[in-house]
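Work through the exercises below with the sequence and the coordinates at hand. Each task is followed by a solution in steps.

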Amino acid sequence: MTTRPKPAEPASPALLRHLRERSRRRENRAADQITRFAGSMKFVYIHVIWFTLWIGLGVEDYPFGLLTMIVSLEAIFLSTFVMISQNRADEKRHVIADEAWRTVQEEERQNEKLLRLSSEILDLTKKLHAGTE
C-alpha cells in the first residue's frame with residue numbers, strides 16, 4: 001500500500017508560521033487529517049463498497065433504517081469537518097492578507113524614502129548647476 005505524500009509546505013513565511021502554530025494542537029491535526037481523507041476518492045470508494053456489501057449481504061431489510069441512521073450521523077460530522085476546513089482556509093486568507101498589508105506598508109515607507117532622496121538629489125543637482133553657471 002502506497003503512502004500518500006504530505007502536502008507541500010507553503011512558500012510564504014507567514015503561512016508556514018501559521019501552519020506550525022496550528023499543528024501544535026492535537027485536535028487541529030486530527031481535523032486536518034479527517035478533512036483530507038473525507039475529501040478523497042478513497043473515501044468515496046470505501047463507501048461504495050460498504051453500501052454495496054451492506055445491501056448485497058442483506059445486513060438489514062429494506063428500508064435500511066440502521067444504515068440510514070449511520071450515514072446521517074456521518075453526514076453531520078462530515079459537515080462539521082467541512083466547516084472546520086472552511087474556517088482553516090479563512091484563517092489562511094487572513095494570514096496572507098495581514099502579511100500583504102505589512103508588505104504594502106513597508107513598500108510605502110520605502111517609496112517615501114526614495115522620493116525624499118530623489119528630491120534631495122534634485123535639489124543638490126540644481127545647486128550644482130547654479131554654482132557652475
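The model is predicted.

**Exercise 1. Aromatic pairs**

Task: State how many aromatic pairs the structure holds, and classify the pair formed by Tyr-62 and Phe-64.

Solution.
Step 1. The count of aromatic pairs is 4.
Step 2. For Tyr-62 and Phe-64, the ring centres are 5.7 Å apart and the ring planes stand at 85°. Centres within 6.5 Å make a pair, and planes over 60 degrees apart count as edge-to-face. The pair is therefore edge-to-face.
Step 3. The relative accessible area of Tyr-62 is 70%, so Tyr-62 is exposed. Phe-64 has 17% relative accessibility and is therefore buried, the limit for buried being under 20%.
Step 4. Elsewhere, one aromatic cluster is formed by Trp-50, Phe-51 and Trp-54.

**Exercise 2. Backbone of the loop between α3 and α4**

Task: Determine whether the peptide bond from Tyr-62 to Pro-63 is cis or trans, and give the sign of phi at Phe-64.

Solution.
Step 1. Pro-63 belongs to the loop that lies between α3 (41-56) and α4. Phe-64 is also placed in the loop between α3 and α4.
Step 2. Omega of the bond from Tyr-62 to Pro-63 is near 20°, and the bond is cis.
Step 3. Phi of Phe-64 is positive, at about 55°, although Phe-64 is not a glycine.
Step 4. For reference, most peptide bonds are trans, and most residues other than glycine have a negative phi.

**Exercise 3. Packing of α1 on α4**

Task: Describe how the axes of α1 and α4 are placed, and list the residues that make the contact.

Solution.
Step 1. Helix α1 spans residues 13-22 and helix α4 spans residues 65-132. Their axes come within 9 Å and cross at roughly 140°.
Step 2. The crossing of α1 past α4 is right-handed.
Step 3. On the α1 side, the contact is made by Ala-14, Leu-15, Arg-17, His-18 and Arg-22. On the α4 side, Ile-84, Arg-88, Glu-91, Lys-92, Val-95, Ile-96 and Glu-99 take part.
Step 4. Sorted by class, the contact of α1 with α4 contains 5 nonpolar, 1 polar and 6 charged residues.
Step 5. The buried residues of α1 are Ala-14, Leu-15, Leu-16, His-18 and Arg-22. Their cover includes α2 (26-38) as well as α4.

**Exercise 4. Surroundings of Asp-32**

Task: Decide whether Asp-32 is buried or exposed, and name its contacts beyond four places in sequence.

Solution.
Step 1. Asp-32 is part of helix α2.
Step 2. Its relative accessible area is 13%, so Asp-32 is buried.
Step 3. With neighbours within four places in sequence left aside, Asp-32 is in contact with Arg-22 and Arg-88.
Step 4. Along the chain, Asp-32 and Arg-88 are 56 residues apart, while their C-alpha atoms are separated by 9.0 Å.
Step 5. Arg-22 is one of the buried residues of α1. Arg-22 and Arg-88 are also among the residues in the contact of α1 with α4.

**Exercise 5. Salt bridges in α4**

Task: Give the number of salt bridges in the structure, and examine those of Asp-90, Glu-99 and Glu-106.

Solution.
Step 1. The structure holds 4 salt bridges. In general, side chains of opposite charge can pair when their charged atoms come close.
Step 2. Asp-90 is bridged to Arg-93, with 3.7 Å between the closest N and O atoms. The cut-off for a salt bridge is within 4 Å. Both residues lie in helix α4, 3 residues apart, or about one turn of the helix. Asp-90 has 33% relative accessibility and so counts as partly exposed.
Step 3. Glu-99 meets Arg-102 in a salt bridge at 3.1 Å, N to O. Glu-99 and Arg-102 are 3 residues apart in helix α4, so about one helical turn separates them. Glu-99 is partly exposed at 25% relative accessibility, and Arg-102 is partly exposed at 46%.
Step 4. Glu-106 and Arg-109 form a salt bridge at 2.9 Å, N to O. They too lie in helix α4, 3 residues apart, about one turn of the helix. Relative accessibility is 35% for Glu-106, which is partly exposed, and 48% for Arg-109, which is also partly exposed.
Step 5. Glu-99 also appears among the α4 residues that contact α1.

Key: Residues numbered from 1 in each chain as written. Predicted model: local features only at pLDDT ≥ 70, side-chain atom pairs only at ≥ 80, totals over all residues. Heavy atoms only, no water. Axes fitted to C-alpha atoms, helices over the stretch in contact; angles between N-to-C directions. Helix = DSSP H or I, 4+ residues; strand = E, 2+ residues; numbered from the N terminus. Left-handed = near helix turned anticlockwise from the far one by under 90°. Contact = heavy atoms within 4.5 Å. Nonpolar A, V, L, I, M, F, W, Y, C, P; charged D, E, K, R; others polar. Phe/Tyr/Trp six-rings, centres within 6.5 Å; stacked < 30°, edge-to-face > 60°. Buried < 20%, exposed > 50% of the residue type's maximum accessible area, 1.4 Å probe, protein only. Salt bridge = Lys/Arg side-chain N within 4 Å of Asp/Glu carboxyl O.
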